[in-house]
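Let's walk through this one together, from the inside outwards. Keep the sequence and the 3D view side by side as you read.

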Amino acid sequence: MIARTTREIYILADHTKIRGRETQVNIYGSCSYDRPCTLITDDYVSADAVEQLRSRGIQVIVVPVKQRKTVEMAAQ
(Lines give C-alpha, C1' and ligand atoms only; values in the text may rest on other atoms or scores of the structure.)
Protein backbone atom coordinates (compact mmCIF):
# COMPACT_ATOMS: atom_id res chain seq x y z
CA MET A 1 0.00 0.00 0.00
CA ILE A 2 2.74 2.48 0.92
CA ALA A 3 4.57 1.77 -2.33
CA ARG A 4 1.52 2.84 -4.35
CA THR A 5 1.24 6.34 -2.93
CA THR A 6 2.48 9.23 -5.03
CA ARG A 7 2.80 11.95 -2.41
CA GLU A 8 4.07 12.19 1.12
CA ILE A 9 3.73 9.20 3.40
CA TYR A 10 2.06 9.58 6.81
CA ILE A 11 2.21 6.75 9.31
CA LEU A 12 0.20 6.76 12.54
CA ALA A 13 1.55 4.26 15.08
CA ASP A 14 1.65 4.09 18.85
CA HIS A 15 4.89 3.48 20.74
CA THR A 16 4.39 -0.29 20.82
CA LYS A 17 5.06 -0.41 17.07
CA ILE A 18 8.32 1.51 17.43
CA ARG A 19 10.96 -0.13 19.52
CA GLY A 20 14.46 1.26 19.75
CA ARG A 21 16.94 -1.55 19.44
CA GLU A 22 20.68 -1.41 19.94
CA THR A 23 21.43 -0.53 16.33
CA GLN A 24 18.13 -0.46 14.47
CA VAL A 25 14.63 0.90 14.95
CA ASN A 26 11.92 -1.69 14.41
CA ILE A 27 9.60 -1.54 11.38
CA TYR A 28 9.50 2.08 10.19
CA GLY A 29 13.17 2.90 10.56
CA SER A 30 14.26 -0.20 8.71
CA CYS A 31 12.51 0.88 5.50
CA SER A 32 13.75 3.44 3.03
CA TYR A 33 11.30 5.80 1.41
CA ASP A 34 11.63 7.61 -1.89
CA ARG A 35 9.39 10.49 -0.77
CA PRO A 36 8.88 12.53 2.39
CA CYS A 37 7.76 10.37 5.32
CA THR A 38 6.17 11.53 8.57
CA LEU A 39 5.57 9.25 11.54
CA ILE A 40 3.04 10.36 14.16
CA THR A 41 3.28 8.60 17.53
CA ASP A 42 2.54 9.02 21.24
CA ASP A 43 4.94 10.29 23.89
CA TYR A 44 5.61 6.84 25.32
CA VAL A 45 8.10 6.34 22.47
CA SER A 46 11.74 6.31 23.54
CA ALA A 47 13.94 9.29 22.76
CA ASP A 48 16.49 6.89 21.28
CA ALA A 49 13.96 5.53 18.78
CA VAL A 50 12.92 9.05 17.76
CA GLU A 51 16.55 10.04 17.26
CA GLN A 52 17.25 6.96 15.13
CA LEU A 53 14.20 7.56 12.95
CA ARG A 54 15.07 11.21 12.44
CA SER A 55 18.64 10.27 11.52
CA ARG A 56 17.13 8.21 8.69
CA GLY A 57 15.29 11.26 7.35
CA ILE A 58 11.89 10.40 8.81
CA GLN A 59 10.03 13.33 10.33
CA VAL A 60 8.65 12.29 13.73
CA ILE A 61 5.76 14.05 15.44
CA VAL A 62 5.35 13.04 19.09
CA VAL A 63 1.87 13.74 20.44
CA PRO A 64 1.42 14.05 24.21
CA VAL A 65 -1.01 11.56 25.70
CA LYS A 66 -3.41 13.26 28.08
CA GLN A 67 -5.07 11.64 31.05
CA ARG A 68 -2.66 8.73 31.20
CA LYS A 69 -4.08 7.48 34.49
CA THR A 70 -7.59 7.39 33.05
CA VAL A 71 -6.43 5.45 30.00
CA GLU A 72 -4.39 3.01 32.10
CA MET A 73 -7.30 2.44 34.51
CA ALA A 74 -9.72 1.79 31.64
CA ALA A 75 -7.38 -0.86 30.24
CA GLN A 76 -7.43 -2.83 33.48
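Which residues make up the largest nonpolar core? Bear in mind that this is a predicted model. The core has twelve residues in all: Ile9, Ile11, Ala13, Ile18, Cys37, Leu39, Val45, Ala49, Val50, Leu53, Ile58 and Val60. Three elements, strand 1 (9-12), strand 2 (37-42) and helix 1 (47-55), each put in at least two of these residues. Helix 1 gives the largest share, with three residues. As a rule of thumb, nonpolar side chains in soluble globular proteins tend to be buried together.

Pick out Cys37 from that set and look at what surrounds it. Setting aside neighbours within four places in sequence, Cys37 is in contact with Ile9, Ile11, Gly57, Ile58 and Gln59. Of these, Ile9, Ile11 and Ile58 are also members of the core.

Now for the sheet. It is an open one of three strands, in the order 1-2-3, and the pairing is parallel. Strand 1 and strand 3 are at the edges with a single partner strand each, so each has one side without a neighbour in the sheet. From one strand to the next, the twist averages 20°. If you zoom in on strand 2 and strand 3, you'll find them paired in the parallel sense over five bridges. One residue to check there is Asp42, whose bridge partner in strand 3 is Val63.

Next, turn to helix 1, and ask which of its residues are buried. They are Ala49, Val50, Gln52 and Leu53. These four sit on the same side of helix 1 because they cover an arc of only 165° around the axis. The general geometry helps here: an α-helix has 3.6 residues a turn, so residues three or four places apart point the same way. Ala47, Glu51 and Ser55, on the other side of helix 1, are exposed. And what covers the buried residues? Strand 2 and strand 3 are included in that cover. Past the end of the helix comes Gly57, with a positive phi near 85°; this is the Gly57 that is in contact with Cys37.

Last stop: the loop between strand 3 (59-63) and helix 2 (68-75), where Lys66 lies. Is Lys66 buried or exposed? Its relative accessibility is 68%, so Lys66 counts as exposed. Measuring C-alpha to C-alpha in the model, Lys66 is 9.8 Å from Asp43 in space, with the two 23 residues apart in sequence.

Notes: Residues are numbered from 1 along each chain as its sequence is written. This is a predicted model: local features need pLDDT of at least 70, side-chain atom pairs count only at pLDDT 80 or more; totals for chains, interfaces and linings use all residues. Side-chain values use heavy atoms; hydrogens and water are left out. Helices (H or I, at least four residues) and strands (E, at least two) are DSSP runs, numbered from the N terminus. Buried means under 20% relative accessible area, exposed over 50%, partly exposed in between (1.4 Å probe, protein chains only). A nonpolar core is a set of buried Ala, Val, Leu, Ile, Met, Phe, Trp, Tyr and Cys residues joined through side-chain atoms within 4.5 Å. Contact means heavy atoms within 4.5 Å. Two strands pair if DSSP finds at least two bridges between them. Axes are lines fitted to C-alpha atoms, for helices over the stretch in contact, and angles run from 0 to 180 degrees between N-to-C directions. The arc is that of the directions from the helix axis to the C-beta atoms.
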